[in-house]
Amino acid sequence: QVQLVESGGGLVQDGGSLRLSCAASGRTFSSDVMGWFRQAPGKEREFVAAIRLSSSSTYYGDSVKGRFIISRDNAKNTVYLQMNSLKPEDTAVYYCAAGQVVTRTPSYDFWGQGTQVTVSS
């Protein structure tokens, strides 16, 4: 099992920045991919970004490409999502996920509890 705990969400103004953190514990060596998804009320869970831990390759959803950056700190077993130039449409609950394969579908093995990000206009 892998436990994931997100933090860093909050309220920010249009154009602002936030950094989300996802701390992993447990059998972290069993997951090579860490990802971020988000879900707004009434909408499906949407792929935001992913990073392959073995290669540091990164992947982004079209709606965040060029604004968000995913990174990791191996020593801390933590993955980050730096979110810049935030827009009201970025408002959602953001979830951290861990799995074996990079996929844009929410089919990862482990999930965090989510952290709310609200962008005011």
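## Close-up views of a predicted model

**View 1. Arg52 reaches over to Asp32.** In this predicted model, Arg52 and Asp32 pair up in a salt bridge, with their closest N and O atoms 3.7 Å apart. The two residues come from distant parts of the chain: Arg52 belongs to strand 5 (residues 46-52), while Asp32 sits in the loop between strand 3 (18-26) and strand 4 (33-39), 20 residues apart. Arg52 counts as partly exposed because its relative accessibility is 24%. If you're tallying such pairs, the count comes to five salt bridges. Side chains of opposite charge can pair when their charged atoms come close.

**View 2. Four charged residues share a network.** Zoom in here on Arg38, Glu46, Arg67 and Asp90, which are linked in a network of salt bridges. One link is the salt bridge of Arg38 with Glu46, at 2.8 Å from N to O. How accessible are these two partners, Arg38 and Glu46? Arg38 has a relative accessibility of 5%, so it counts as buried, whereas Glu46 is partly exposed with a relative accessible area of 31%.

**View 3. Asp90 meets Arg67, loop to loop.** Staying with the network, the salt bridge between the side chains of Asp90 and Arg67 is 2.8 Å, N to O. This pair also ties together distant parts of the chain, 23 residues apart: Asp90 lies in the loop between strand 8 (78-83) and strand 9 (92-99), and Arg67 lies in the loop between strand 6 (58-60) and strand 7 (68-73). Buried or exposed, what are Asp90 and Arg67? Both Asp90 and Arg67 are buried.

**View 4. Cys22 and Cys96 form the one disulfide.** The structure holds one disulfide, and the cysteines in it are Cys22 and Cys96, with an S to S distance of 2.0 Å. For the torsion fans, the angle about the S-S bond is -80 degrees, a left-handed link. Cys22 is in strand 3 and Cys96 in strand 9, so to speak a long hop along the chain: the pair links distant parts, 74 residues apart. Cys22 and Cys96 are both buried.

**View 5. Tyr94 sits among the best-connected residues of the largest nonpolar core.** That core has 28 residues, and the ones with the most contacts inside it are Leu4, Met34, Trp36, Leu81, Met83 and Tyr94. Strand 1 (2-7), strand 3, strand 4, strand 5, strand 7, strand 8, strand 9 and strand 11 (115-120) each give two or more residues to this core. Setting aside neighbours within four places in sequence, Tyr94 is in contact with a long list of residues, including Glu6, Leu20, Trp36, Arg38, Leu81, Met83 and Val117. Another core, of six residues, lies apart from the largest one, and among its members are Val33, Phe37, Phe47 and Ala50. In soluble globular proteins, nonpolar side chains tend to be buried together.

**View 6. Thr58 and its contacts.** Thr58 is part of strand 6, and it counts as partly exposed because its relative accessibility is 35%. Which residues does Thr58 contact, leaving aside its neighbours within four places in sequence? They are Ala50, Ile51 and Ile70. For a sense of scale, Thr58 and Gly114 are 21 Å apart in space, C-alpha to C-alpha, and 56 residues apart in sequence.

Key:
Residues are numbered from 1 along each chain as its sequence is written. This is a predicted model: local features need pLDDT of at least 70, side-chain atom pairs count only at pLDDT 80 or more; totals for chains, interfaces and linings use all residues. Side-chain values use heavy atoms; hydrogens and water are left out. Helices (H or I, at least four residues) and strands (E, at least two) are DSSP runs, numbered from the N terminus. Buried means under 20% relative accessible area, exposed over 50%, partly exposed in between (1.4 Å probe, protein chains only). A disulfide is a pair of cysteine sulfur atoms within 2.5 Å. Contact means heavy atoms within 4.5 Å. A nonpolar core is a set of buried Ala, Val, Leu, Ile, Met, Phe, Trp, Tyr and Cys residues joined through side-chain atoms within 4.5 Å.
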